[in-house]
Amino acid sequence: MRTIPSSVIIEKVEEMIASANFSLPEKVRGKIAELERDEKSPAAKTALGQIQENSILAEKEQLPLCQDTGSAVFFIEMGNDVHLEEPIGEILDRAVKEAYSKNSLRKSIVEDPLFSRKNTGTNTPSFLHIHMVRGDELKISFLPKGGGAENKSRLTMLRPADGKEGVRHFVLDTVKRAGGAACPPWIIGIGIGGTFDTVAALSKSAILREIGAVHPDPYYAAMEKELFEAVDGTGIGTMGYGGKKTVMAVHILAAPCHIASLPVAVNIQCHSARSKTIVL
């Protein structure tokens, strides 16, 4: 059994939160540059250039890439030989509170969703997805998920007979409803299978897959390629300005499901595709 002190986790997670909000992952930056080179629409090309300029300035000045510094979403893989001094949720909430305060990151969480809508003032509670795995390591992935793209995400319960074409129709309908309001070019995470509650987590987790990584299942890899081309074919374009490029990547995560069900969720991630992973 390996004990990881709370102080170590808090220190590393604080650093991760700041880094994620100030610096885009290298693969995301590279993809945006690639899209700019290939884009023909003058307005969209200009917007892609401005996105890159913003990312350079944010990293240099250590300022947020976007004013919406998001809900603090964590995906956690905890080894069965890991021992923590306190519950992981309490540890991460302390790290979020400190990091968002120290780095002047916007606090966006309200304590009641319907009536008081009072801001907690700490950007907590954070939102956790915890998976137990073998080993003595703790893997933490942080996704500061902005509200604009999140609001355009959707979930449906299809019939099994709807099959691949039903999934394709739902994905494209979701994309067209989102339009420029969800700040493309996007990473689109698609969850297929599981249950009503788990499919949404699948779609969000899919966003974390590295851009350019090919799905290990050839059928899903082909489906990702088809959907990528179909989304680009909508002509929505960067920030809704039209053109050829609407999406950076389409990632699918599938899971076993009930014989009578076909859950599908689409989680849209805007061009400010911030994330960071650490292993302790």
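**A walk from Ser203 through the sheet and its helices**

Leaving aside neighbours within four places in sequence, Ser203 is in contact with Gly189, Ile190, Gly191, Ala265, Val266 and Asn267. The model in which these contacts appear is a predicted one. Ser203 has a relative accessible area of 2%. Residues under 20% count as buried, so Ser203 is buried.

Ser203 has its place in helix α7, which covers residues 196-206. This helix lies across three strands, β2, β4 and β5, and runs at about 95° to β2. From α7 the route therefore leads to the sheet, since α7 lies across strands β2, β4 and β5.

The sheet is open and is formed by four strands in the order β4-β2-β5-β10, with mixed pairing. Strands β4 and β10 (276-279) stand at the edges, and each has a single partner strand, so one side of each is left without a neighbour in the sheet. On average, neighbouring strands of this sheet are turned by 15° against each other, direction ignored.

The pairings can be followed strand by strand. Strand β2, residues 71-79, pairs with strand β4, residues 127-133. The sense of this pairing is parallel, and it runs over seven bridges. One residue to look for is Phe74, whose bridge partner in β4 is Leu128. Strand β2 also pairs with strand β5 (residues 138-145), here in the antiparallel sense and over eight bridges. In this pairing, the bridge partner of Ala72 is Pro144 in β5. Strand β5 is in turn joined to β10 by four bridges, and these two strands run antiparallel. Ser141, for example, has Thr277 in β10 as its bridge partner.

Helix α1, residues 6-22, also packs on the sheet. It touches β2, β5 and β10, and its direction makes about 35° with that of β5. Helix α1 has 17 residues and reaches 24 Å from its first C-alpha to its last, close to the 24 Å expected at 1.5 Å a residue. Its buried residues include Ile9, Ile10, Val13, Met16 and Ile17, but also Ser6, Glu14 and Asn21.

How much of strand β2 is covered? Seven of the nine residues of β2 are buried, which leaves the strand mostly covered. Helix α1 touches β2, and helix α7 lies across β2. In a regular strand, side chains alternate between the two faces of the sheet.

Another place to look is where two helices meet. The axes of helix α6 (residues 163-178) and helix α8 (residues 218-232) come within 11 Å and cross at roughly 35°. The crossing of α6 and α8 is right-handed. On the α6 side, the residues that meet α8 are Lys164, Val167, Arg168, Val171, Leu172 and Val175. On the α8 side they are Met223, Glu226, Leu227, Ala230 and Val231. The residues of this contact divide into eight nonpolar, no polar and three charged.

Lys164 gives a closer view of this contact. This residue is found in helix α6 and, not counting residues up to four places away in sequence, touches Met223 and Glu226. Lys164 and Met223 are 59 residues apart in sequence, but their C-alpha atoms are 8.6 Å apart in space. Is Lys164 buried, exposed or partly exposed? Its relative accessibility is 45%, so Lys164 counts as partly exposed, whereas Ser203, where the route began, is buried.

Technical notes. Residues are numbered from 1 along each chain as its sequence is written. This is a predicted model: local features need pLDDT of at least 70, side-chain atom pairs count only at pLDDT 80 or more; totals for chains, interfaces and linings use all residues. Side-chain values use heavy atoms; hydrogens and water are left out. Buried means under 20% relative accessible area, exposed over 50%, partly exposed in between (1.4 Å probe, protein chains only). Two strands pair if DSSP finds at least two bridges between them. Axes are lines fitted to C-alpha atoms, for helices over the stretch in contact, and angles run from 0 to 180 degrees between N-to-C directions. Contact means heavy atoms within 4.5 Å. A crossing is left-handed if the near helix is turned anticlockwise from the far one by less than a right angle, and right-handed if clockwise. Ala, Val, Leu, Ile, Met, Phe, Trp, Tyr, Cys and Pro count as nonpolar, Asp, Glu, Lys and Arg as charged, and the others, Gly among them, as polar. The expected span of a helix is 1.5 Å times one less than its number of residues.
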